[in-house]
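Visitor: Please take one part of this model and go through it closely, then set it against the rest of the chain. I would like backbone geometry, burial and contacts.

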Amino acid sequence: MPRSEGGQGHKQFRIGRAAVGVLGISLSLIVLAWLAWRLLQLEWTPQGQTEMSFMPIDLQFRNRAVLADKTGSLPFMAGVVIDLNSDGRDEIVLGGGRGQADGVFGIGQDLAAMVDLSDAYAIEKSADDATMGGTSTDVDRNGHPDLLLARESGVWLHRNTGRSFDAGELIFTPPASDLTTIISITPGDINGDGNVDLYLSGYIQNSNTEGETIFSRSYGGYSYLLTGSGEGAFNDETVRWGLKRQHNTFTAVFADFNRDGLQDLVVAQDTGVVETWRNSGAPPLERVPNPSTNSYPMGIAAGDFNDDGDLDFYFSNVGHTLPAALLRGDLPQDQAFNPNYMLFAGNGQGGFEDQAVSMQAARLGFGWGVAAGDFDLDGFEDIAVAQNYAKLGESALVHRYAGKLLRNSDGKSFEPVEKRAGVANRLFAIAPLVCDLDGDGRPDLVWVNLGGPSRAFLNRTPNTKQVTLRFDDSASAYGAVIAASFSDRLFIRRIVPGQGLSSDQSANLFLGLGNEGQIDHLRVTFPDGAVQTWKGIPAGSVLDLRRDITP
């Protein structure tokens with residue numbers, strides 16, 4: 001019997017309806033998967049209560065980064081805090097991309113905007129060069145902090161004449177066979193001779209990048225240790241100090257983590273681990289164990305975060321922005337992988353315990369530079385965290401984080417307060433800068449944003465009580481130990497330059513007193529063994545501890 005056209009039509013209708021149903025289910029699954037992915041990326045920690053308050057001010061610098069595969073630059077830019085004229089107000093230097101000059105900025109007289117000082121403090125640079133990182137340090141100890149910049153062409157020294165920078169000299173270029181771009185410069189004094197030394201963190205050149213998740217084989221750029229002469233000349237002693245190896249590295253800090261008076265070395269690798277190197281007073285350095293496993297440690301902050309008097313280190317990481325299966329790359333399944341941020345609480349003898357989870361500072365989104373600073377001046381060191389990644393695509397697929405200002409609650413835990421404090425930043429930040437732009441003794445905050453405008457915020461937290469210590473921005477202050485007491489409390493601070501990532505922070509130290517009206521006793525021990533003490537220092541005081549020749 002012939003099949004009717006009506007029957008055929010009903011069948012086609014049923015097939016069509018089934019297809020629509022399958023399509024609807026597929027779309028629903030895609031939406032659910034997208035929602036699940038976005039929920040995974042969230043940090044899930046509510047904003048804490050805080051009196052911190054910041055006022056945004058205009059900063060006219062927009063980094064022009066070229067991030068194309070192979071032909072572009074690595075995703076880094078310099079952010080340097082420097083007091084150009086020794087007036088107690090910090091200025092900042094921001095690195096430009098290819099075809100873009102580096103910028104120099106200081107606070108205007110009306111305290112409402114950052115003023116472009118780039119004409120007065122011109123920094124010479126070739127048009128096809130990008131500035132990856134930098135630091136300020138007085139290489140010849142004449143009282144004028146000089147500027148060191150890591151560019152694709154190598155490391156440049158621009159001497160500060162007191163009124164401007166000189167034309168600059170290329171002081172180090174990685175061997176061509178190393179295929180390395182220097183991205184961070186860390187100052188210190190590894191050999192204790194009073195002259196500034198440098199650790200140069202190296203990353204493989206963008207044109208030779210094979211991937212960003214390679215764990216299981218030798219891959220990447222090289223890093224270098226340069227010792228200084230005290231006149232601006234440097235000697236490559238990487239091999240002599242036992243540090244020549246191939247591995248992409250983000251940044252490092254020189255810091256005495258075992259309280260023997262010698263500056264040790266802490267290094268943050270990409271696709272690797274945190275390295276801790278003990279200084280015995282003579283080369284080579286000795287690598288000592290720490291709690292890190294395979295991860296992506298990037299920025300480093302140093303401070304006494306749990307308030308026990310010993311030096312701690314905080315490291316940013318990739319967090320949970322992407323699934324761990326993707327982040328593990330070629331890492332074998334039997335090897336541990338950790339996407340969490342890490343807080344290595346030191347015991348003062350060279351040992352560490354990761355307390356990031358217990359202090360509620362572990363589960364954050366994709367992070368870069370981190371820096372310590374007591375932003376609410378309550379006597380406990382807070383942490384600023386730069387977040388987001390320009391190469392990860394649009395915000396519809398990858399969550400844009402606000403940057404983190406982690407308030408330290410009595411040395412017991414951290415809570416995010418960036419939104420309530422008014423410093424949220426959803427741009428692609430590479431580092432925070434802790435500085436005093438207006439000279440009022442309250443630490444201000446600048447977000448160094450890659451491929452976009454940087455943002456500056458003046459600290460307007462009310463009713464603060466603090467004492468400001470002004471140190472030389474040179475090896476004469478690096479590693480100084482500050483012990484301050486009031487009422488029944490004693491707290492310890494240390495001068496650790498080069499915190500962040502591709503960046504450097506203020507040479508000033510801001511001692512928050514909480515509700516106390518004075519520091520009862522202050523003791524500063526300098527790296528050369530000299531000691532200075534004071535009693536009864538009232539809140540609001542500024543102590544000038546500079547010992548180098550001043551203008």
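Guide: T271 is buried, with a relative accessible area of 5%, under the 20% cut-off used for that word. The model is a predicted one, and the values here are computed from it. T271 sits in the loop between β15 (264-269) and β16. Its phi is near 35°, a positive value in a residue other than glycine. Most residues other than glycine have a negative phi, and most peptide bonds are trans.

The second half of that general statement has its own exception on the other side of β16. The peptide bond from P283 to P284 is cis, with omega near 0°. P284 belongs to the loop that runs between β16 (274-278) and β17 (286-288). β16 is thus named in the placement of T271 and in that of P284.

Another positive phi occurs at L377, where the angle is near 55° and the residue is again not glycine. L377 lies in the loop between β22 (367-373) and β23 (382-387). L377 is buried, and its relative accessible area is 1%. The loop between β22 and β23 also holds D378. With a relative accessible area of 17%, D378 counts as buried, since the cut-off is under 20%.

The side chain of D378 has a polar atom 3.0 Å from the backbone nitrogen of F380. Beyond residues up to four places away in sequence, D378 touches R407, N408, R489, G512 and G514. That list includes two arginines, R407 and R489, and two glycines, G512 and G514.

For an exposed counterpart, take T71. Its relative accessibility is 57%, and T71 therefore counts as exposed, the threshold being over 50%. T71 is found in the loop between β1 (54-57) and β2 (79-82). Leaving out residues up to four places away in sequence, T71 touches R98 and N206. T71 and I537 are 466 residues apart along the chain, and their C-alpha atoms are separated by 56 Å.

E124 offers another pair separation. E124 is in the loop between β5 (114-116) and β6 (131-137). The C-alpha atoms of E124 and D166 are 8.2 Å apart, with their positions 42 residues apart along the chain. Neighbours within four places in sequence aside, E124 is in contact with R151, H158 and A167.

These loops belong to a protein with 3 helices and 36 strands. Its radius of gyration is 25 Å, close to the 24 Å that the globule rule gives for 551 residues, so the protein is as compact as a globular protein of that length. Along the principal axes, the C-alpha atoms fill a box of roughly 110 × 55 × 50 Å.

Buried residues make up 58% of the 551; T271, L377 and D378 are among them. Of the contacts between residues at least 6 apart in sequence, 61% join residues at least 24 apart. The accessible surface comes to about 21,100 Å², and carbon and sulfur atoms account for 52% of that area. As for charge, there are 44 positive and 68 negative side chains, and the centres of the two sets lie 9 Å apart.

Technical notes. Residues are numbered from 1 along each chain as its sequence is written. This is a predicted model: local features need pLDDT of at least 70, side-chain atom pairs count only at pLDDT 80 or more; totals for chains, interfaces and linings use all residues. Side-chain values use heavy atoms; hydrogens and water are left out. Helices (H or I, at least four residues) and strands (E, at least two) are DSSP runs, numbered from the N terminus. The radius of gyration is taken over C-alpha atoms; the globule rule is 2.2 Å times the number of residues to the power 0.38. Buried means under 20% relative accessible area, exposed over 50%, partly exposed in between (1.4 Å probe, protein chains only). Contact means heavy atoms within 4.5 Å. Accessible areas come from the Shrake-Rupley method with a 1.4 Å probe; for residues, only the protein chains shown count as cover. Lys and Arg count as positive and Asp and Glu as negative; His and the chain ends are not counted. The place of a charge is taken as NZ of Lys, CZ of Arg, CG of Asp or CD of Glu. A polar contact is a pair of N or O atoms within 3.5 Å; within protein, one must be able to donate a hydrogen and the other to accept it, and residues adjacent in sequence count only if both atoms are side-chain atoms.
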